[in-house]
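User: I would like a close look at one part of this model, with the geometry spelled out and each assignment tied to its values. Please start from the aromatic side chains and work outward from there.

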Amino acid sequence: RPRSVSRGLGDVYKRQDFGFDFDFDFGSELLGSAETTIPRAQVGEEVEVELLGVPETGALTFQEIYEKVLPSIVGIRAYGPDGGATGTGVVLSEEGYIITNFHVIEGAESAEVVLLQGERVLDALLVGGDAANDLAVLKVEGKGFYPAEFGDSSLLRVGDVALAIGNPLGEELAGTMTDGIISAINRDVNVDGITMTLLQTTAALNSGNSGGALINQYGQVVGITNMKMSSQYTEATIEGLGFAIPTVTVKDVVEELIERGYIGGRPTLGITVQTLPETDWSSYDLPEDFTGGILVVEVQRNSDAWESGVRAGDIIVSGNGEPIAENDDLLYIRDGLGVGDVITLGVWRSGEYLEFDVELIEQYV
């Protein structure tokens with residue numbers, strides 16, 4: 001996921017692939033990568049995302065699909081210190097659990113759910129979110145929620161009908177349905193070093209569709225729409241390349257978010273770092289043979305890094321004996337380890353070389 005974004009409807013992020021430039025449009029006005037501080041809902045419930053097979057009733061008409069699914073589609077409003085975000089959500093249960101994309105609420109301080117049926121606006125609590133899978137679960141109180149029916153995305157084949165319902169360009173076009181097909185299955189898409197395995201569709205997706213429903217011919221939600229490719233920065237014509245998170249992924253992530261509030265088993269050091277530019281080396285008391293390192297900007301108080309003595313202003317130059325000159329070097333070492341494993345950090349502080357054994361902790365959202 002992007003760690004640094006601008007604020008504007010339909011922000012795009014340039015990547016290289018297939019021999020030409022393309023952009024990922026995440027389908028919403030983004031708040032950015034600041035901490036998400038939406039008030040949290042109580043967790044611990046066991047809610048199952050049931051994935052249904054092919055119904056005996058057979059395929060529905062497009063009109064029947066729209067009438068069936070539209071009551072389960074909601075609008076999402078997220079508010080942060082520097083602006084707002086709009087997106088789409090899908091009702092999971094009668095108890096008011098709502099599925100959306102993490103990037104829609106990332107960096108927000110508060111959120112609202114807009115029920116398209118009845119035009120109600122409800123304050124939302126954050127159950128949990130997961131940036132790696134771009135999924136979040138919100139909770140609203142009240143009655144009159146219409147859960148969507150979820151289908152098994154593993155049963156999809158290329159060429160199957162695919163419909164998208166969401167709020168392109170915001171609430172003025174709420175409840176828009178577009179049609180297409182499933183054009184690829186298990187498509188690996190890499191964004192800023194994180195690979196997501198997604199469904200690819202020709203159904204038109206636009207800014208504001210984020211968190212909406214990708215639907216099969218039976219009126220079952222088989223994916224949560226989250227991005228598209230666009231051609232804003234290239235002369236190549238790019239059309240009909242939309243993506244959705246398959247329900248086999250949604251099921252596992254959402255059920256764990258509702259139970260725990262986060263996805264377990266992901267390790268973190270509990271520190272925020274940035275690469276130290278060579279132009280800044282003279283500002284620190286570094287040895288003459290210094291060849292590069294990363295600056296510790298912040299240390300979480302609940303982390304073993306803090307307990308071990310790592311502090312903001314330290315310059316990390318090695319991890320488990322391997323040199324570290326930029327952020328990715330440390331991430332490479334960390335990603336090969338698990339929660340509870342230890343990284344020995346070599347650090348320069350005030351002209352003195354120190355070493356700290358830091359235990360990786362669970363990563364919370």
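How many aromatic pairs does the structure hold?

Analyst: This is a predicted model, and the structure holds 2 aromatic pairs. In one of them, the rings of Trp281 and Phe290 have centres 4.9 Å apart and planes at 85 degrees, so the pair is edge-to-face; planes over 60 degrees apart count as such. Phe290 has a relative accessible area of 10%, and it is therefore classed as buried. The rings of Trp348 and Tyr353 are also paired, with 5.8 Å between their centres and 65 degrees between their planes, so this pair too is edge-to-face. Tyr353, at 35% relative accessibility, counts as partly exposed.

Phe290 and Trp348, one from each pair, come together in the description of a pocket, since both are listed among the residues that line the second largest pocket. The other lining residues of that pocket are Pro287, Asp289, Thr291, Gly292, Val317, Pro323, Ile324 and Ala325. The space in the second largest pocket is about 160 Å³, and its lining divides into 7 nonpolar residues, 2 polar ones and 1 charged one.

The loop between strand 20 (315–319) and strand 21 (322–323) contains Asn320. The phi of Asn320 is near 50 degrees, which is a positive value in a residue other than glycine, and Asn320 is partly exposed, with a relative accessible area of 38%. Strand 22 covers residues 342–349 and includes Leu345, which counts as buried at 1% relative accessibility. The C-alpha atom of Leu345 is separated by 7.3 Å from that of Val358, although the two residues are 13 apart along the chain.

Aromatic rings also have charged partners in this model. Arg311 lies over the face of Trp306, at 3.6 Å from the ring centre. The charged end of Lys139, in turn, sits over the ring of Tyr97, 5.4 Å from the centre of that ring.

Lys139 is a residue of strand 9 (135–139), and the loop between strand 8 (120–130) and strand 9 holds Asp134. Asp134 is another residue other than glycine with a positive phi, here near 55 degrees, but Asp134 counts as buried, at 0% relative accessibility, whereas Asn320 is partly exposed. On the other side of strand 9, the loop that leads to strand 10 (150–151) contains Glu149. Glu149 counts as partly exposed at 30% relative accessibility, and the C-alpha atoms of Glu149 and Leu51 are 8.0 Å apart in space while the residues are 98 apart in sequence.

A helix completes the picture. Helix 3 spans residues 247–260, 14 residues in total, and reaches 19 Å from its first C-alpha to its last, close to the 20 Å expected at 1.5 Å a residue. The buried residues of helix 3 are Thr247, Val250, Lys251, Val253, Val254, Leu257 and Ile258. An α-helix has 3.6 residues a turn, so residues three or four places apart point the same way. Just after helix 3, Gly261 takes a positive phi of about 90 degrees.

Notes:
Residues numbered from 1 in each chain as written. Predicted model: local features only at pLDDT ≥ 70, side-chain atom pairs only at ≥ 80, totals over all residues. Heavy atoms only, no water. Phe/Tyr/Trp six-rings, centres within 6.5 Å; stacked < 30°, edge-to-face > 60°. Buried < 20%, exposed > 50% of the residue type's maximum accessible area, 1.4 Å probe, protein only. Lys NZ or Arg CZ within 6 Å of the ring centre and 35° of its normal. 1 Å grid on protein atoms, 1.4 Å probe; cavity = no way out; pocket = protein on both sides within 12 Å on 5 of 7 lines; lining within 4 Å. Points joined across faces, edges and corners; volume = space filled by probe spheres on them. Nonpolar A, V, L, I, M, F, W, Y, C, P; charged D, E, K, R; others polar. Helix = DSSP H or I, 4+ residues; strand = E, 2+ residues; numbered from the N terminus. Expected span 1.5 Å × (residues − 1).
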